[in-house]
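Here is a friendly walk through one protein structure. Keep the picture open while you read, and look up each residue as it comes along.

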Amino acid sequence: QVQLVASGGGLVQPGGSLRLSCAASGNIFSINTMGWYRQAPGNQRELVATITSGGTTYYADSVKGRFTISRDNPKNTVYLQMNSLKPEDTAVYYCNIRLAPSRFNERDYWGQGTQVTVSS
């Protein structure tokens, strides 16, 4: 079985920073793209950032220049450094990891979600 555990959310004032982590564990043959999504109340889940196995990154326009995604392959972990946070960044953040628990069996796995609240 594969398990994703996310952590690092919390309450922060506007302009502050948070770092999210998401670690995959269990039967893992290979890991492809890792990413973060978020969902605010009343909104659809939206893509925030992704990072490929080769290190290529993608960011939503709303977070470019403020958020940085990175990964630690030996630890099967993806991070999201969030700086200059705004109230509109408030949401539940979900990690998404595309991995294969065995050869030719790749699919997406989701973390449990971690709440980020930006408020004064």
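The points below cover a sheet, a disulfide, some salt bridges and two unusual backbone angles. Please keep in mind that this is a predicted model.

**The sheet**

- Start with the open sheet, in which 4 strands are arranged in the order β1-β3-β8-β7. The pairing in this sheet is antiparallel.
- As background, strands of a sheet pair through backbone hydrogen bonds, and the pairing can be parallel or antiparallel.
- Which strands sit at the edges of the sheet? They are β1, residues 2-7, and β7, residues 67-72, and each of them pairs on one side only.
- Going from one strand to the next, the twist averages 15°.
- Look at β1 and β3 together: these strands run antiparallel and are joined by 6 bridges. For a spot to find in the picture, L4 stands opposite A24, which belongs to β3.

**The disulfide**

- The count of disulfides comes to 1. In general, a disulfide is a covalent bond between the sulfur atoms of two cysteines.
- Here the partners are C22 and C95, and their sulfur atoms are 2.0 Å apart.
- The link of C22 and C95 is right-handed, with 45° about the S-S bond.
- What does this pair tie together? C22 lies in strand β3 (residues 18-26) and C95 lies in strand β9, so the disulfide connects parts that are 73 residues apart in sequence.
- Are these cysteines buried or exposed? C22 counts as buried because its relative accessibility is 0%, and C95 is also buried, at 0% relative accessibility.

**The salt bridges**

- How many salt bridges are there? The count comes to 5.
- R38 is a good residue to look for, as its side chain meets that of E46 in a salt bridge at 2.7 Å, N to O. The side chain of R38 also meets that of D89 in a salt bridge, at 3.0 Å, N to O.
- R38 lies in strand β4 (residues 30-39), whereas D89 is in the loop between β8 and β9, so this pair ties together parts that are 51 residues apart in sequence.
- Both R38 and D89 are buried. For R38, the relative accessible area is 5%, and since buried means under 20%, the label fits.
- E46, by contrast, is partly exposed, with a relative accessible area of 36%.
- Which residues make up the network of salt bridges? R38, E46, R66 and D89 are linked in it.
- Another salt bridge joins the side chains of D61 and K64, at 3.2 Å, N to O. D61 counts as exposed, with 66% relative accessibility.

**Two positive phi angles**

- S84 is not a glycine, yet its phi is positive, near 50°. To find S84, look in the loop between β8 (77-82) and β9 (91-100).
- S84 counts as partly exposed because its relative accessibility is 41%.
- F104 is another residue that is not a glycine but has a positive phi, this time of about 65°. F104 is found in the loop between β9 and β10 (107-110).
- Is F104 buried or exposed? At 82% relative accessibility, F104 counts as exposed.

Methods: Residues numbered from 1 in each chain as written. Predicted model: local features only at pLDDT ≥ 70, side-chain atom pairs only at ≥ 80, totals over all residues. Heavy atoms only, no water. Buried < 20%, exposed > 50% of the residue type's maximum accessible area, 1.4 Å probe, protein only. Salt bridge = Lys/Arg side-chain N within 4 Å of Asp/Glu carboxyl O. Disulfide = S-S within 2.5 Å. Pairing = 2+ DSSP bridges. Axes fitted to C-alpha atoms, helices over the stretch in contact; angles between N-to-C directions.
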